[in-house]
Amino acid sequence: GRSYCVRTQRMLNQCLESLVQKVQSGVVINFEKSGPDPAPIGEDGLVDSSRPINSFASQLWHSCHKLIYVRPNPKTGVPVGHWPIPESFWPDQNSPTLPPRTAHPVVRFSCVDCEPMVIDKLPFDKYELEPSPLTQYILERKSPHTCWQVFVSSSGKYSELGHPFGYLKASTTLTCVNLFVMPYNYPVLLP
């Protein structure tokens, strides 16, 4: 953060202008690793079990509190999304109120390499992740054709982790990491 000491109208305008330039349009998400770390990848892009894992660096990407950029539609100026991030509870018709929840969703990711799935005519949402140790780790793996599924704990009725609602994937050019949001339990729905 930063503070401003405003003494004049002109200074107020300058401070507001400075703040407006820093505002990013997005949503803050807590990304948390679920399950074991992935196998290290060698220079050739193949699994290399002989490579040592830097334990301190490996911890940084396990948990990140970061922004996903929500870009507005260029024509309307309004962001468009098709699918929600699931809630961390299964709805109960007998409950008079909704359970409390965190302001920022906790999205868990599994480090198991999966095939990215999309089908024609079924929309999906794609959000770029703010640079972080997590995005750096994914980009360093140089695997733009695989993805890691994302979950919200307790979103399913019978499983603790819930079902996947999308995935994290490096862009084909390896310049950024995107969160793809799909219909809930898309690996079952899409086929």
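# Questions on a seven-strand barrel

Q: What is the accessible surface of the protein, and what share of it belongs to carbon and sulfur atoms?
A: This is a predicted model, in which local features need pLDDT of at least 70, side-chain atom pairs count only at pLDDT 80 or more, and totals for chains, interfaces and linings use all residues. Residues are numbered from 1 along each chain as its sequence is written, and side-chain values use heavy atoms, with hydrogens and water left out. Accessible areas come from the Shrake-Rupley method with a 1.4 Å probe, and for residues only the protein chains shown count as cover. The accessible surface of the protein comes to about 12,500 Å², and the share belonging to carbon and sulfur atoms is 56%.

Q: Which order do the strands of the closed barrel follow?
A: Helices (H or I, at least four residues) and strands (E, at least two) are DSSP runs numbered from the N terminus, and the protein has four helices and seven strands. Two strands pair if DSSP finds at least two bridges between them. With mixed pairing, the seven strands close into a barrel in the order β1-β2-β4-β7-β6-β5-β3. From one strand to the next, the twist averages 35°.

Q: Which residue in β4 is the bridge partner of Tyr 69?
A: Strand β2 (residues 63-69) and β4 run antiparallel and are joined by two bridges. Ile 68 stands opposite Leu 129 in β4, while the bridge partner of Tyr 69 in that strand is Glu 128.

Q: Which residue in β7 does Tyr 127 stand opposite?
A: β4 also pairs with strand β7 (residues 177-181), in the antiparallel sense and over four bridges. In this pairing, the residue of β7 opposite Tyr 127 is Leu 179.

Q: Which side chains of strand β4 point to one face and are buried?
A: In a regular strand the side chains alternate between the two faces of the sheet. Buried means under 20% relative accessible area, exposed over 50%, and partly exposed in between, with a 1.4 Å probe and protein chains only. Along β4 (residues 125-129), Lys 126 and Glu 128 point to one face and are not buried, whereas those that point to the other face and are buried are Asp 125, Tyr 127 and Leu 129.

Q: At about what angle does helix α3 run to β6?
A: Axes are lines fitted to C-alpha atoms, for helices over the stretch in contact (heavy atoms within 4.5 Å), and angles run from 0 to 180 degrees between N-to-C directions. Helix α3 (residues 133-140) lies across β1, β2, β3, β4, β5, β6 and β7, and its angle to β6 (166-170) is about 65°.

Q: Is Asn 185 buried or exposed?
A: Asn 185 is found in the loop between β7 and α4 (186-189). Not counting residues up to four places away in sequence, Asn 185 touches His 163 and Pro 164. Because its relative accessibility is 18%, Asn 185 counts as buried.

Q: What is the phi of Ser 154, which is not a glycine?
A: Ser 154 lies in the loop between β5 and β6. With a relative accessible area of 35%, Ser 154 is partly exposed. Although Ser 154 is not a glycine, its phi is positive, at about 65°.

Q: What is the phi of Leu 174, which is not a glycine?
A: Leu 174 has its place in the loop between β6 and β7. Its relative accessible area is 28%, so Leu 174 is partly exposed. Leu 174 is not a glycine, yet its phi is positive, at about 60°.
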